[in-house]
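Biologist: Could you take me through one part of this model close up? I'd like to follow a single strand and whatever sits around it.

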Amino acid sequence: MDKIDFKTFWESTGEEFQARLERASYYKHPTGTGDAREDAVREYLKEILPPRFCVDRGKIFDSQGRLSKEFDVIISESIHVAPAMCLANRRIVPIEAVYGVLEVKSKLTKKEYNRFIESVIELDQMRRYYIPCEKRLSQEKLDELEKGFEPQNKKIGQIWSGVIAISAPKAKTICKYLESCCEGFWFICIPGREIVMQLFDPPGWIGVPLKLNSLPHMVWLMMDLVSRNTRPRYLMPNFSKYRESINNSFGDIKGVWRVEMKKI
């Protein structure tokens, strides 16, 4: 039986992505180069992730109308994201559908890192609501669903986050960055150089100089995070919460009428 040479395969994938970043750098403009690199990352993820995922740039909102800061990359469940939910060519994604968020930086600085961490922490003000696909849950479980879940609730699956930095400081400086972190932050990937990942036993971080293999390794780390998401498959987003908020926002509408029909 033939065998795949993983090392060569991942390196060729890494080389392909590096070529995309190189092309993006030809767009000489104060913000144009960064935008082109973000586009390159999103297009790469769209091609390599399974069709069940949406890969968008935009903001996250919840059923109470709370709106997040903008994220360079939002990875969500595609069947729960309406194509029409767009503003100014940016996707507006319901938090119930979100798996993770990424920041893409041409050069990672302490200021930019902290800004992203603050944006992720801000998501903790939101709540996620789900309904069961089947009716066999206990009343205790149903009450729990009614209260909603915060983004970092492990029982329902955390919303993870990470950074892709085209250029970043050396390891010692990155370690100082990571002293200020948040729950759910998993990695910093520097394509073509290394990936820095969170450890649990013992707690801490590890930097692995995988070079061209860094980005492909990050993608499979993301896939692992999604596959280990603890949200039970019998739950689906409770979009009635959004409809309630929309109805309430209309206020007291004059001229509303209804007709009751007799049962036959």
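Modeller: Here is strand 8 and its surroundings, with a few spots further along the chain.

A word on the ground rules: this is a predicted model, so local features need pLDDT of at least 70 and side-chain atom pairs count only at pLDDT 80 or more, while totals for chains, interfaces and linings use all residues. Residues are numbered from 1 along each chain as its sequence is written, and side-chain values use heavy atoms, with hydrogens and water left out.

The protein chain has 7 helices and 11 strands; helices (H or I, at least four residues) and strands (E, at least two) are DSSP runs, numbered from the N terminus. 9 strands form an open sheet with mixed pairing, in the order 3-4-1-2-5-7-8-9-10. Two strands pair if DSSP finds at least two bridges between them. The edges are strand 3 (86-87) and strand 10 (203-208), each of which pairs on one side only.

Now for strand 8 itself, residues 185-190. Strand 8 is mostly covered, with 6 of its 6 residues buried; buried means under 20% relative accessible area, exposed over 50%, and partly exposed in between (1.4 Å probe, protein chains only). One partner is strand 7, which runs parallel to strand 8 and is joined to it by 4 bridges. Valine 163 has isoleucine 188 of strand 8 as its bridge partner. The other partner is strand 9 (residues 194-200), antiparallel to strand 8 and also joined through 4 bridges. Isoleucine 188 stands opposite valine 196 in strand 9, and isoleucine 190 has glutamate 194 as its bridge partner there. The hairpin of strand 8 and strand 9 has 3 residues between the strands, and glycine 192 takes a positive phi near 80 degrees in it.

Next, the helices. Helix 5 (residues 171-178) packs on the sheet and touches strand 8, strand 9 and strand 10, with its direction about 155 degrees from that of strand 8. Contact means heavy atoms within 4.5 Å; axes are lines fitted to C-alpha atoms, for helices over the stretch in contact, and angles run from 0 to 180 degrees between N-to-C directions. Helix 6 (residues 214-227) packs on the sheet too, touching strand 1 (53-61), strand 2 (71-77), strand 5 (98-107), strand 7 (160-167), strand 8 and strand 9. The direction of helix 6 makes about 160 degrees with that of strand 8. Strand 7, helix 5 and strand 8 make a right-handed β-α-β unit, where right-handed means that, with the strands pointing away from the viewer, the path from the first strand over the helix to the second runs clockwise.

What about the cysteines? The structure holds 0 disulfides, a disulfide being a pair of cysteine sulfur atoms within 2.5 Å. The sulfur of cysteine 182 has its closest cysteine sulfur in cysteine 181 at 5.1 Å, so that pair is too far apart for a bond. Cysteine 182 is buried, at 13% relative accessible area. For cysteine 175 the closest cysteine sulfur is again in cysteine 181, but 12 Å away, which is too far for a bond.

Past strand 9, there's some backbone to look at. Proline 202 is found in the loop between strand 9 and strand 10, and the peptide bond leading to it from aspartate 201 is cis, with omega near 0 degrees. In the loop between strand 10 and helix 6 you'll find lysine 211, whose phi is near 55 degrees, a positive value in a residue other than glycine. Lysine 211 is exposed, with a relative accessible area of 56%. For context, most residues other than glycine have a negative phi, and most peptide bonds are trans.

Last stop, strand 1, another strand that helix 6 touches. Strand 1 has 8 of its 9 residues buried. It runs antiparallel to strand 2, joined by 5 bridges, with isoleucine 75 in strand 2 as the bridge partner of valine 55. With strand 4 (residues 90-94), strand 1 pairs in the parallel sense over 4 bridges, and there isoleucine 60 has valine 93 as its bridge partner. The backbone nitrogen of isoleucine 60 also lies 2.8 Å from a polar atom of the side chain of serine 68. Serine 68 sits in the loop between strand 1 and strand 2 and counts as buried at 5% relative accessibility. Leaving aside neighbours within four places in sequence, serine 68 is in contact with Lys59, Ile60, Leu123 and Met126.

Notes. Polar contact = N/O pair within 3.5 Å; in protein donor to acceptor, adjacent residues only side chain to side chain.
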